[in-house]
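This report concerns the single model shown below. It begins with one helix and what follows it, and then turns to the chain as a whole.

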Amino acid sequence: MSKRTTRSLMMVAALASASVTSANAQDPRVLPRLDAPSRAAIAAVVDSAKAQGIPVEPLYDKVNEGVVKGADGPHIVVAVRNLALDLATAHRALGALATADEIKAAASAMHAGVPAVELGKLKKQSGLRRSLTLPFTVLADIVSRGVPVSTAANAIRSLVGAGAKDKDINDFQRNVKVDIEQGAPPAAAAETRAKGTAKPENLDQIDQ
Amino acid sequence: MPEWGRTTLEMIVQDLQRPVRLDESFERRVMVRVRRYYAQRRRRSRGWLAVGASITHHPAWTAAVAAGIVAVATLGVLSVHPRTASGGVIEPTTFVLVAPTARSVAVVGDFNNWGLDDSALVATSNQGVWSVTASVPVGVHRYAFVVNGVNGKQWMADPTAPRSSGDDFGMPSSALVVEDSTK
């Protein structure tokens, strides 16, 4: 193959990949709706997140959410900065193989009060193939309903360890929610429902 | 073993152990065949390369190969399942809220820019059971219902979904995990 041909093929490949990449980039249309200092502050947070390999789409989503909910610029900047910090911590805790969705869900769980180290343990335990997006989402939910963090993390760990599918973990969340709404103590609801969902060989993990 | 058998066996062994006298040209002939065999193989593989080179040198073929690369790159993104502009798989998702006294219900979330620029999903009512189905990218999302009722507009989390913990602006929202049905 001649050098010229090789070069032209490489250029075409680069153009094709560039078109896909530019489609992936988030369009920050919402930024003009903010005041100039807030806009600059958010651009700095986004640049820093990009440099760290953190997904930036959730940061733009947070800006959109703030604008729609009528929050002022400084309030939105604080929320975006906090989210960027949570995403960075989650990214470090989960490792390089975590997906953007797992990082988002983990950041949400951290926002609910789950320590990053617990999330890292879960990721390590679950292996590479198991997505923890839903388990992290359910963990955040049950903690926000009053289940103590350690109980909630143990319950989710036992379910994931027992090979529970996302559907099972969804059912677990619904059952815990109904139990709590009916007056059950949150910890008791989570422990009991996890035992009902997990396989018998993993029950000892829940009691720990 | 009988005596006659042993004798016969010994004779055979002796015969096999006798060195074979090879023709003096044997080694040369073998090596010629070996070289010829590998030369043919090299020519065949060079033939492949030669065809490839003639294809890529021709402008029309170059364009065709380039178009092929672009097509493969594009098809990789836009294959059979519906996808977003960025290549993410999208799945039909139905949102349901029971709100018998509501005048209107809409769904806003990070998948529709939280309803900016009139992008809210407007639900329809079936005797107070409001629902709307939309294509939502696979992944984890946050969303809420905006209920227009007797007390004006109100943000509501989905009572049937996990809570979202990132309510920085004081209005509740829910978490949604959309799974890829193609996996």
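In this predicted model, helix α8(A) is followed by A:Gly163, whose phi is positive, near 80 degrees. Helices (H or I, at least four residues) and strands (E, at least two) are DSSP runs, numbered from the N terminus. Residues are numbered from 1 along each chain as its sequence is written, and chains are lettered from A and ligands numbered from 1 in the order in which they are written. Local features need pLDDT of at least 70 and side-chain atom pairs count only at pLDDT 80 or more, while totals for chains, interfaces and linings use all residues.

Among the residues of α8(A) that are buried are A:Ala152, A:Ile156, A:Arg157 and A:Leu159. A residue is buried if 20 or more other C-beta atoms lie within 10 Å of its own, exposed if 12 or fewer, and partly exposed in between, with C-beta atoms placed from the backbone. Helix α7(A) is mostly covered, since 11 of its 12 residues are buried, including A:Phe136, A:Asp141 and A:Ile142. A:Gly146, with a positive phi near 105 degrees, follows α7(A).

The lengths of these two helices can be compared with expectation, which is 1.5 Å times one less than the number of residues.

| Helix | Residues | Expected span | Distance between end C-alpha atoms |
|---|---|---|---|
| α7(A) | 133–144 | 16 Å | 17 Å |
| α8(A) | 149–161 | 18 Å | 18 Å |

The distance agrees with the expected span for α7(A), and it agrees for α8(A).

Elsewhere, the axes of α2(A) (residues 36–52) and α4(A) (residues 73–94) come within 9 Å and cross at roughly 10 degrees. Axes are lines fitted to C-alpha atoms, for helices over the stretch in contact, and angles run from 0 to 180 degrees between N-to-C directions. The two helices α2(A) and α4(A) are therefore roughly parallel to each other, a term for angles under 35 degrees. Residues of α2(A) including A:Ile42 and A:Val45 meet residues of α4(A) including A:Val77 and A:Val80; contact requires C-beta atoms, placed from the backbone, within 7 Å.

Overall, chain A has 11 helices and 0 strands. Of its 208 residues, 42% count as buried. Among contacts between residues at least 6 apart in sequence, 68% join residues at least 24 apart.

Chain A averages a pLDDT (the predictor's confidence in each residue, from 0 to 100) of 84, and 80% of the residues score at least 70. Over residues 11–27 of chain A, pLDDT stays under 50. Where pLDDT is low, the predicted coordinates should not be read in detail.

Technical notes: Parallel < 35°, antiparallel > 145°, perpendicular 65-115°, else oblique. Contact = placed C-beta atoms within 7 Å.
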